[in-house]
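Here is a short report for a reader who is new to this structure. Please keep the model in view while you read.

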Amino acid sequence: MSLYEPRKSEIKWQKRWEESGLYKTNFKDTKHQKYYNLVMFPYPSGDKLHIGHWYGYAPADSWGRYMRMKGFNVFEPMGYDSFGLPAENYAIKHGVHPAVSTQKNIDYMRKQLMAMGTMYDWTSEIQTSAPEYYKWTQWVFLQLYKKGLAYRKKAPVNWCPNCQTVLANEQVQDGTCERCGAEVTKKDLTQWFFKMKEYAEKLLNYEGLNWPEKTRMMQENWIGKSIGSEIVFDIADGSTKKPIGKTVTVFTTRIDTLFGCTYMVLAPEHPLTLEICTREHRKNIVDYIEKTKRENDIVRSSETREKTGVETGAYAINPVNGELIPVWTADYVLASYGTGAVMAVPAHDERDYAFAKKYKLPIKEVIIPKKGKSNIDEFAFTEDGVLVNSDEFDEMNSLEAREKITKFLKSKGKGKFVVQYKLRDWLVSRQRFWGAPIPIVYCDKCGEVAVPEKDLPVKLPMKVDFTPKGESPLATCPDFVNTTCPNCKGNAKREVDTMDTFFCSSWYYLRYPSANEKDIPFDEKRINKWLPVDMYIGGPEHACMHLIYARFICKVLHDLGYIDFNEPFKTLVHQGLITKDSAKMSKSKGNTVSPDEFIEKYGSDVFRMYLMFMGPYSEGGDWNDSGIKGIARFVDKFYDLIYTKSTLEDEKTLKCTLHKTIKKVGEDMEKFHFNTVVSSLMEFTNTAKRTGIDDDSKKQIVKLIAPIAPHLAEELWENLGGGESIFNTTWPEYSDKLTASDTFELVIQVNGKVRAKTNVSKDISEEEAINTAKSSNNVNAYLEGKQIIKAIYVPGRIVNIVVK
């Protein structure tokens, strides 16, 4: 057997690809349809690409190669999400400056990516921490600022005491920091926000997008659209029970339960909580507010957590019937969601029911089932039904009552129909060093002033003590902080917070096609031709962070007239997870796999193919060291088949198998079923070893393996006298005649019900088909003791036996 030398071949072809500029995109090409193939770029927070990177990038590259051979002008760039907490924490841990460690990691990652044998256009490489990139990140910020979509306010924010910085809600997982795992607390800080909530409705429109349904549902749940009513309650004094001129507005989707409202709950942070509480309750309220500050929103809003609360002593007046109801404060109500107040209807809400039972508050039933009975002594009845104990609205169904009660309150100036969203504005400022500076200065005379675009970038100073101290490290750098006001030329101070790294990655797909432009963020004519991205590949964990942020920024820039499209990614594919011994890989468990070690031993093509062979791409698979050996043996076998001359002994079988393989591989590539692509090539190789193979068939099958084993394919293509790179050739086409099967599946029915299926010759006669059906073991039981009235044969499909 002729043995393939993978490392020697890979070094050879990677050098040729680089020297020839094979993968440099010709953006001016008008002969071929464009195809933008993109993977989510990596954080260079570690010094090596791990197996997860490989599983994301290598199969995605195979897809790009396939599309190139299908005749598309493929643009496949790569870059590095190099700002942010991961890189800064890595630098702190290793005692080096993040600029140094990040660049070192990028340089090593680039070598690994090149060794992977990808077709990245390295002339379009970007890194978000480079001034020539973050200059334009700052430019995008200014466009939002000028449009009124960027603003600054003091607000309670998620604070990681370990990372010493603010976290967006999306970066808090189960009450802990997604980066370090520390418990997240609350802190009042003046922060920068983007008005993402204004785009909530637009973000719910997925028309024209080919995205996983699960991802769309996750985003829809995160945006959380609710159609309901706002109700205005007057507040009454705790002693006199008379209105004090204050009101509280609540939102509800169940205004039909309003007559059952027996108490109101304010968030501890609500501005009226302290103001309306009575003297005897004030100490308890103050203590409770302080306790709540040490909790985060995720924990507070957990459905399984026991509810706690404190009575304020004040009352609210139910606008629909004038009843006085006590006002409480409870940590399960969040000031940042809705109005920070809820009307509590314990008979018809499980959370309110548990709270009312705990604190012995009244439970009043106002909705009953249309059929059957409720049992509010045991649990809340939360479904729609028929109104009772609701005055003139009695006997109405819930749907009708929601409209009638809202209109009634609207006529009194106490209510209205509204649409509400759970989505909150995007918190974008961070109290860390390694990020893009926010291009704002503060002047005693002029106030808040945007840095002029001509003065961008506002460069990040390098000589800064960036160890976490609870304040922005840039505040300790006078040379950075002290500046001149762009308006009055007087003394001013720079904003010392930096931007969330998710902002850096929210627009990077726009920069790639114009990566070398110095005077503009992107060439509008070029990106309007090349975008949206045709294929975007990355992990599902980004559904409610990066993918929402990128859609938001794209829609904003569209509305501002900078781009013609309002969605960044047409098609989205998520890769699965690679495990080891059925467990998630981690250094602490000692079950990680080093790609470099296996590439050195078996070559990158073998490593790539094994990852693709492990299971469906969207599901991932379990790594097994011995499994890769089987792929290595297959590569040697395939190489020997093509490299060694053989005599064609069974042309018909070979040609039929070849064309069926061309069809199957093409169909599976389109579905990202890479594992069955590999198995189809294995099956063909086994057949061709028996039948022999001619040179034309060799060329066709080498083309089929090219996307998933690019170095191997180039080596064999050259040996076959192919001339130019195999990736400048076209994908093989199959003959329908040669893929047609000699058999078909005959469905056998008895009295119209399917009782058996069997493969038969497509040339079978009617008599033979009926006899085959009658003699089937699975059918005999249904014929025994019955009289056959007739048998009907539908050629090429069905035999139906009618009995009585």
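## An open sheet

Strand S21 (residues 440–443) is joined to S22 by four bridges, and the two run antiparallel. One of the pairs matches Val-441 with Val-449, its bridge partner in S22. The model shown here is predicted.

S21 and S22 belong to an open sheet of four strands. The order is S22-S21-S24-S23, and the pairing is antiparallel. S22 and strand S23 (482–484) are the edge strands, since each pairs on one side only. From one strand to the next, the twist averages 40 degrees. Strands of a sheet pair through backbone hydrogen bonds.

## A hairpin

Strand S31 (residues 743–750) pairs with strand S32 (residues 753–761) in the antiparallel sense. Eight bridges hold this pairing. Glu-745 has Asn-759 as its bridge partner in S32.

S31 and S32 form a hairpin, with two residues between them. Asn-751 sits in the turn and has a positive phi of about 55 degrees.

## Helix H12

Helix H12 spans residues 398–411, which makes 14 residues. From its first C-alpha to its last it reaches 20 Å, close to the 20 Å expected at 1.5 Å a residue. Which residues of H12 are buried? They are Ser-398, Ala-401, Arg-402, Ile-405, Thr-406 and Leu-409. Seen down the axis of H12, these buried residues fall within an arc of 125 degrees, so they line one face of the helix. The face turned away from the buried side carries the exposed residues Leu-399, Lys-410 and Ser-411.

The buried residues of H12 pack against four strands: S10 (225–236), S16 (367–368), S17 (386–387) and S18 (415–421). At the N-terminal end of H12, Asn-397 acts as a cap. A side-chain oxygen of Asn-397 lies 3.1 Å from the backbone nitrogen of Leu-399. After H12 comes Gly-413, with a positive phi near 75 degrees.

## Helix H9

Helix H9 (residues 279–293) has 15 residues. Its reach from first C-alpha to last is 22 Å, close to the 21 Å expected at 1.5 Å a residue. The buried residues of H9 are His-281, Ile-285, Tyr-288, Ile-289 and Thr-292. Why do the buried residues of H9 line one face of the helix? Seen down the axis of H9, they fall within an arc of 105 degrees, so they line one face.

What do the buried residues of H9 pack against? Their partners are helix H8 (271–276), helix H10 (297–300), strand S13 (309–317) and strand S14 (324–330).

## A buried histidine

His-711 has its place in helix H24 (residues 710–719). Is His-711 buried or exposed? Its relative accessible area is 0%, so His-711 is buried.

The side chains of His-711 and Asp-605 are joined by a polar contact of 2.9 Å. Neighbours within four places in sequence are left aside in what follows. His-711 is in contact with residues from several stretches of the sequence, including Tyr-4, Ser-9, Glu-10, Trp-13, Gln-14 and Trp-17. Met-116, Gly-117, Ser-604 and Asp-605 are also among its contacts.

## Cis bonds and positive phi

Where are the cis peptide bonds found? One runs from Leu-456 to Pro-457, with omega near 5 degrees. Pro-457 is found in the loop between strand S22 (447–450) and helix H13 (478–481). Another cis peptide bond joins Leu-531 and Pro-532, where omega is about 5 degrees. Pro-532 lies in the loop between helix H16 (524–530) and strand S26 (533–538).

Lys-360 is not a glycine, although it has a positive phi of about 55 degrees. Lys-360 is found in the loop between helix H11 (350–359) and S16. Its relative accessibility is 75%, so Lys-360 counts as exposed. Asp-391 is a residue other than glycine with a positive phi, near 55 degrees. The loop between S17 and H12 holds Asp-391. With a relative accessible area of 48%, Asp-391 is partly exposed.

Conventions. Residues are numbered from 1 along each chain as its sequence is written. This is a predicted model: local features need pLDDT of at least 70, side-chain atom pairs count only at pLDDT 80 or more; totals for chains, interfaces and linings use all residues. Side-chain values use heavy atoms; hydrogens and water are left out. Buried means under 20% relative accessible area, exposed over 50%, partly exposed in between (1.4 Å probe, protein chains only). A polar contact is a pair of N or O atoms within 3.5 Å; within protein, one must be able to donate a hydrogen and the other to accept it, and residues adjacent in sequence count only if both atoms are side-chain atoms. Contact means heavy atoms within 4.5 Å. The expected span of a helix is 1.5 Å times one less than its number of residues. The arc is that of the directions from the helix axis to the C-beta atoms. Two strands pair if DSSP finds at least two bridges between them. Axes are lines fitted to C-alpha atoms, for helices over the stretch in contact, and angles run from 0 to 180 degrees between N-to-C directions.
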